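Please open the model in your viewer and keep the sequence panel visible. The tour below proceeds by selection, one stop after another.

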Amino acid sequence: MPPTNTRPFYDALIIGGGAAGLMCGLSAGRRGKRVAILEHNASVGAKILISGGGRCNFTNLDVEPGRFISGNPHFAKSALARYTAYDFMGFLGEAGLAWHEKTLGQLFCDQKSGAVVKALTDACAAAGAELITRCAVKAVATNGDQGYRVETDQGAFHARQLVVASGGLSIPKMGATGLAYDIARQFDVPVVPPEPALVPFTFDDATRAKTAPLAGVAQPCTARTGKTGFVENLLFTHRGLSGPAILQISSYWRPGMPVVLDLLSGQGDAGTLLQTARAERPGQAVSRVLSEHMPKRLAAFLAEPDHPLGQLSNKAIAALADRLHRWQVIPTGTEGFKKAEVTRGGVDTHALDSRTMAVKGRESLYFIGECVDVTGWLGGYNFQWAWSSGWAAAQAL
């Protein structure tokens, strides 16, 4: 018989009321399962609320497995194929919400992010999935043949199955913890070391001093590390580099690797531009010509020492063109989890069933969302992984 206590015996307990946990809860509830979502914060959906500057970049039109990083690159295919961006768009449409494409396939809610959270919580309520907030998990244990016992600061909960959706280590001020990894290790599930991803870079003191005058300057570029590159904006900061291009490339960067920046990406060949300008207006300063293609502060920085174009030899023009197209920096590190949008690494996908998200050999224990070693690109991909993995787990409960 199920244990006797004042709480019901659940089909499943879901630890974490973020995007993945809410999707799993409402989807399982719709299947007639008795589920409870345990959230340690005072409210659910914290990361959803801050997404997209409050507009919630909830998915992307161009979701494909190649835009996710994992030690098992095929793992995400099943869940992403079975619950797609269009499925979630349909969910929002049913809730009366609208959306628009901003750029690069990124979809944003026309209403505020809170409307997306409300749609999810309303769906949970309609499906009978309980949301229990201010409920911090203290311990997890197996409960004989009855499944799991979860000790919290609101007492003990019991369920046949357990879904861990407590996220990664990114943005600790919002309550991020390593609980998912602790539970995984408790049950001998391997964990790929978690690292910050989609995170700004930092420079050493000397480089930071040189680039300090550029803080706040943005420029379209192609940022590359290794064989991977992204064409988006970069942003100079007081500590290093940020902006979409940098956040994207940070997920592929490892300490010591150079980052190569093409600061005239899509604007033609710099050598040709400079040679043409030299022939037509030899008395004009190099910085003046460059400022036609980038902010003045960046142009002055790259042109230093600034000279009239007519004084530049072919060799000097070639060297400047190379700097414009292949400016190489070696970050000393990143801003860490406090500024990272997501966590790279996590619960090893080789230990999970890609269709159900359950631990192989322990089919009553599931890991979904950011705590799993699946990291998407910037632009709604990580939310789509949350929706897809949460839905996939719910179908197996």
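A crossing of two helices is called right-handed if the near helix is turned clockwise from the far one by less than a right angle, and left-handed if it is turned anticlockwise. Please bear in mind throughout that the model is a predicted one.

**First stop: two packed helices**

Select residues 270–280, which form helix α9, and add residues 314–325, which form α12. Two packed helices are described by the angle between their axes and the distance between the axes. Here α9 and α12 pack at about 135 degrees, and their axes lie 8 Å apart. Because of this angle, α9 counts as oblique to α12. By the definition above, the crossing of α9 and α12 is right-handed.

**Second stop: a cavity**

Rolling a probe the size of a water molecule over the atoms shows where empty space is left. The count of cavities of 30 Å³ or more comes to one. Keep α9 displayed and select L264, A270, L273, L274, V289, L290, H293 and L324, the lining of the largest cavity. This cavity holds about 40 Å³ of space. Which helix provides the largest share of the lining? That helix is α9, with three residues. Both α9 and α10 (286–290) supply at least two lining residues each. In terms of class, seven residues of the lining are nonpolar, one is polar and none is charged.

**Third stop: a pocket**

Return to α12 and select V286, L302, A303, E304, P305, H307, L312, A316, A319, L320 and R323, which line the second largest pocket. Its volume is about 200 Å³. α12 contributes the most to this lining, namely four residues, and α11 (296–303) is also a helix that supplies at least two. The lining comprises eight nonpolar residues, one polar residue and two charged residues.

**Fourth stop: a sheet of three strands**

Strands of a sheet pair through backbone hydrogen bonds, either parallel or antiparallel. Now select the open sheet, whose three strands follow the order β3-β6-β5 with antiparallel pairing. At its edges are β3 (57–60) and β5 (99–101), each of which pairs on one side only. On average, neighbouring strands of this sheet are turned by 30 degrees against each other, with direction ignored.

Zoom in on β5 together with β6 (residues 106–109): three bridges join this antiparallel pair. What is the bridge partner of W99 in β6? Select C109 to display this partner of W99.

Note on methods. Residues are numbered from 1 along each chain as its sequence is written. This is a predicted model: local features need pLDDT of at least 70, side-chain atom pairs count only at pLDDT 80 or more; totals for chains, interfaces and linings use all residues. Side-chain values use heavy atoms; hydrogens and water are left out. On a 1 Å grid over the protein atoms alone, a cavity is a set of points where a 1.4 Å probe fits but cannot get out, and a pocket is an open set with protein on both sides within 12 Å along at least five of seven lines; lining residues have an atom within 4 Å of a point. Grid points are joined across faces, edges and corners, and a volume is the space filled by probe spheres set on the points. Ala, Val, Leu, Ile, Met, Phe, Trp, Tyr, Cys and Pro count as nonpolar, Asp, Glu, Lys and Arg as charged, and the others, Gly among them, as polar. Two strands pair if DSSP finds at least two bridges between them. Axes are lines fitted to C-alpha atoms, for helices over the stretch in contact, and angles run from 0 to 180 degrees between N-to-C directions. Angles under 35 degrees count as roughly parallel, over 145 as roughly antiparallel, 65 to 115 as roughly perpendicular and the rest as oblique.
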